[in-house]
Amino acid sequence: MMEQKMGLEIHCQVTGTKSKLFCKCRCDYRGKAPNANTCPTCLGLPGTLPLLNQKAVEFAGMTSIALGCKVPDEIAFYRKNYFYPDLPKNFQLTQYNAYDITSIGVEGGLEYGDGKSVRIRRVQLEEDPGRLVYDGGNMETSVYALIDYNRAGVPLVEIVTEPDFVDPKEIRLFLDKITSIVEHLGLCGTKLEGSVRCDANVSVGGGKRVEIKNVGSFADVEKAVRYEITRQKTMTSRDLEVRSETRHWDDARKVTKESRTKEEEQDYRYFPEPDIPTVVLGSEFVSSAQRSMPELPDARKVRFVKHGLSAHVAQVLINNKELADFFESAIKFYSSPKEIANWIVTDLMSFVDERQKEQERSMFAGLKVGPEHIADLAKLVDQDTINRATAKQILGLIVRPGEMPSQVAHKTHAGKIDDVSELAQTIDSVFETEHAAVQDATLNPNAINFLLGKVMQATKGRADPKAALEMIQKKLKEV
Ligand SMILES: [Zn+2]
């Protein structure tokens with residue numbers, strides 16, 4: 001039996017907090033000069049003492065609760081020792097389950113996709129290391145490495161799952177859900193470069209476990225895992241031994257590569273951080289976190305369905321917080337949730353550049369359409385001022401200039417023809433040009449549809465089909 005099992009370790013930067021985990025330096029290092037956001041503490045200078053960021057603990061607590069974890073009354077921090085230039089103290093402050101003290105969340109579980117679930121082993125709070133910058137971005141060919149400690153000490157929430165995934169597709173669905181949850185919590189702006197990272201572990205047929213590190217984006221995790229499954233299956237089929245090892249994801253070649261470093265847990269020599277006493281969260285911590293928690297995607301979906309949306313449309317919206325927020329703003333301008341949601345999900349999305357969703361900017365960047373435009377469009381359709389086909393054309397016209405649909409409809413006379421004489425004229429001219437079809441239609445009622453089609457064509461869809469049909473029938477009797 002060659003069934004595979006996969007687990008994930010997800011790191012989310014707590015971009016929702018302004019300062020680092022153990023000092024007052026700012027977290028917003030992107031675009032800053034190297035080593036601008038540093039102080040003696042995050043540079044690991046002798047004699048400095050860590051000061052724990054309460055806000056980061058609260059965010060980690062909320063994440064644990066959102067993932068159904070148990071949150072203990074007390075938490076502690078541990079030193080994870082290793083020597084690497086990105087770690088100025090030569091240890092990383094993290095959490096560890098030992099001496100009856102656990103990390104901030106354990107034994108949780110999350111449902112995702114259609115009725116799938118995964119167990120969450122633990123949620124922990126730790127600090128991000130610094131960043132190494134290589135010449136040309138290539139570690140192997142660069143003759144030097146530059147170190148930027150701006151990132152050192154930025155709070156990270158790490159989410160560790162049990163190896164419950166059996167299909168790489170499940171991983172993508174699960175990561176979509178995690179993304180939506182941490183966005184809704186305000187924990188992490190997941191579009192910021194490097195703000196979410198994921199390691200995966202893969203074992204095939206009950207064999208050795210291989211860790212894949214360095215996967216730079218959630219989008220690539222599924223690819224990395226697929227590659228690794230194929231590699232391990234191929235090795236097994238050739239009677240080659242799959243070793244327990246850590247492999248790195250090569251983003252350019254889309255393969256996993258053997259990596260030179262391989263640490264075991266005992267190599268890290270975990271020990272309790274003596275400069276941070278045990279943190280007593282207290283019995284009020286969980287209830288207070290629950291009270292201050294924003295609405296989570298699952299609850300939001302239920303609320304959207306109550307607005308009359310289908311489960312599918314509601315899911316598409318909540319999968320992307322920006323889209324869900326757009327929808328909520330639009331229905332404030334004009335309350336027609338079902339109509340508005342459909343315009344967003346089916347029509348507006350077709351104008352969104354797929355690449356935009358992976359980038360740091362808003363997915364609507366480049367488009368000048370806001371919630372008020374979609375609300376206006378839905379209103380025109382709801383009130384029967386324009387038909388759906390015209391509305392689609394108008395959307396195409398306004399997405400970039402950002403004009404109001406009602407103005408465009410007015411300017412282009414796109415409204416439905418409610419002037420009887422205008423419609424009668426059109427029908428007259430169709431009767432004149434379509435002699436044969438008119439003769440046909442007097443004998444065969446089914447042929448009327450052809451004439452109706454011609455009228456709709458001549459009016460560019462602006463005629464009311466029901467009124468036009470009645471007038472055609474009347475006129476046929478006179479022939
Ligand atoms: Zn600092």
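Which residue stands opposite Leu-93 in S4? It is Arg-79, and this pair is a good place to enter the structure, which is a predicted model.

Let us stay with that small region for a moment. Strand S3 (residues 78-81) and S4 pair in the antiparallel sense, and 4 bridges hold the pairing. They belong to an open sheet of 3 strands, whose order is S4-S3-S14 and whose pairing is antiparallel. Strand S4 (91-94) and strand S14 (271-272) are the edge strands; each has a single partner strand, so one side of each is left without a neighbour in the sheet.

The loop between S3 and S4 is worth a look too, as Asn-90 is found there. Asn-90 is not a glycine, yet its phi is positive, at about 70°. Is Asn-90 buried or exposed? A residue counts as exposed if 12 or fewer other C-beta atoms lie within 10 Å of its own. Asn-90 has 11 C-beta neighbours inside 10 Å, so it counts as exposed. Asp-384 can be described in similar terms: its phi is near 65°, a positive value in a residue other than glycine. You will find Asp-384 in the loop between helix H10 (371-382) and helix H11 (388-398). With 11 C-beta neighbours inside 10 Å, Asp-384 counts as exposed.

Moving on along the chain, the loop between S4 and S5 holds Tyr-99. Tyr-99 has 9 other C-beta atoms within 10 Å, and therefore is exposed. Its C-alpha atom is separated by 39 Å from that of Ala-145, a residue 46 places away along the chain.

After that loop comes the second sheet on our tour. It is an open sheet of 8 strands in the order S5-S6-S9-S1-S10-S11-S12-S13, and its pairing is mixed. At the edges stand strand S5 (105-112) and strand S13 (255-258); each has a single partner strand, so one side of each is left without a neighbour in the sheet. From one strand to the next, the twist averages 30°.

Start at the S5 edge. S5 runs antiparallel to strand S6 (residues 116-127), and 7 bridges join them. Within this pair, Glu-111 stands opposite Ser-117 in S6. The hairpin of S5 and S6 has 3 residues between the strands, and Gly-113 takes a positive phi near 55° there.

Now step further into the sheet. Strand S1 (residues 4-13) and strand S10 (residues 196-204) are antiparallel and are joined by 9 bridges. Leu-8 has Ala-200 in S10 as its bridge partner. Helix H3 (residues 218-237) packs on the sheet, where it touches S1, S10, strand S11 (210-215), strand S12 (245-250) and S13. The direction of H3 makes about 20° with that of S10.

What about the interior? In soluble globular proteins, nonpolar side chains tend to be buried together. Here the largest nonpolar core has 65 residues, and those touching the most other members are Val-157, Cys-198, Ala-200 and Val-221. Ala-200 is already familiar as the bridge partner of Leu-8. Setting aside neighbours within four places in sequence, Val-221 is in contact with Ile-171, Leu-175, Cys-198, Ala-200 and Val-215. A second, separate core has 34 residues, among them Ala-341, Ile-344, Val-369 and Leu-395.

Helix H1 (residues 54-66) offers another residue to visit, Ala-66. Is Ala-66 buried or exposed? A residue is buried if 20 or more other C-beta atoms lie within 10 Å of its own. Ala-66 has 25 of them within 10 Å, so it is buried. Apart from neighbours within four places in sequence, Ala-66 contacts Ile-181, Leu-185 and Leu-296. Ile-276, which is 210 residues from Ala-66 in sequence, lies 26 Å away, C-alpha to C-alpha.

We finish with a pair of helices. Helix H14 (residues 435-443) and helix H15 (residues 448-458) have axes 8 Å apart and pack at an angle of about 140°. H14 and H15 are therefore oblique to each other. At their contact, Ala-437, Val-438 and Ala-441 in H14 meet Ile-448, Phe-450 and Leu-451 in H15. By class, this contact has 6 nonpolar residues, with no polar and no charged ones.

How values were computed: Residues are numbered from 1 along each chain as its sequence is written. This is a predicted model: local features need pLDDT of at least 70, side-chain atom pairs count only at pLDDT 80 or more; totals for chains, interfaces and linings use all residues. Two strands pair if DSSP finds at least two bridges between them. Helices (H or I, at least four residues) and strands (E, at least two) are DSSP runs, numbered from the N terminus. Axes are lines fitted to C-alpha atoms, for helices over the stretch in contact, and angles run from 0 to 180 degrees between N-to-C directions. Two residues are in contact if their C-beta atoms, placed from the backbone, lie within 7 Å. A nonpolar core is a set of buried Ala, Val, Leu, Ile, Met, Phe, Trp, Tyr and Cys residues joined through C-beta atoms within 7 Å. Angles under 35 degrees count as roughly parallel, over 145 as roughly antiparallel, 65 to 115 as roughly perpendicular and the rest as oblique. Ala, Val, Leu, Ile, Met, Phe, Trp, Tyr, Cys and Pro count as nonpolar, Asp, Glu, Lys and Arg as charged, and the others, Gly among them, as polar.
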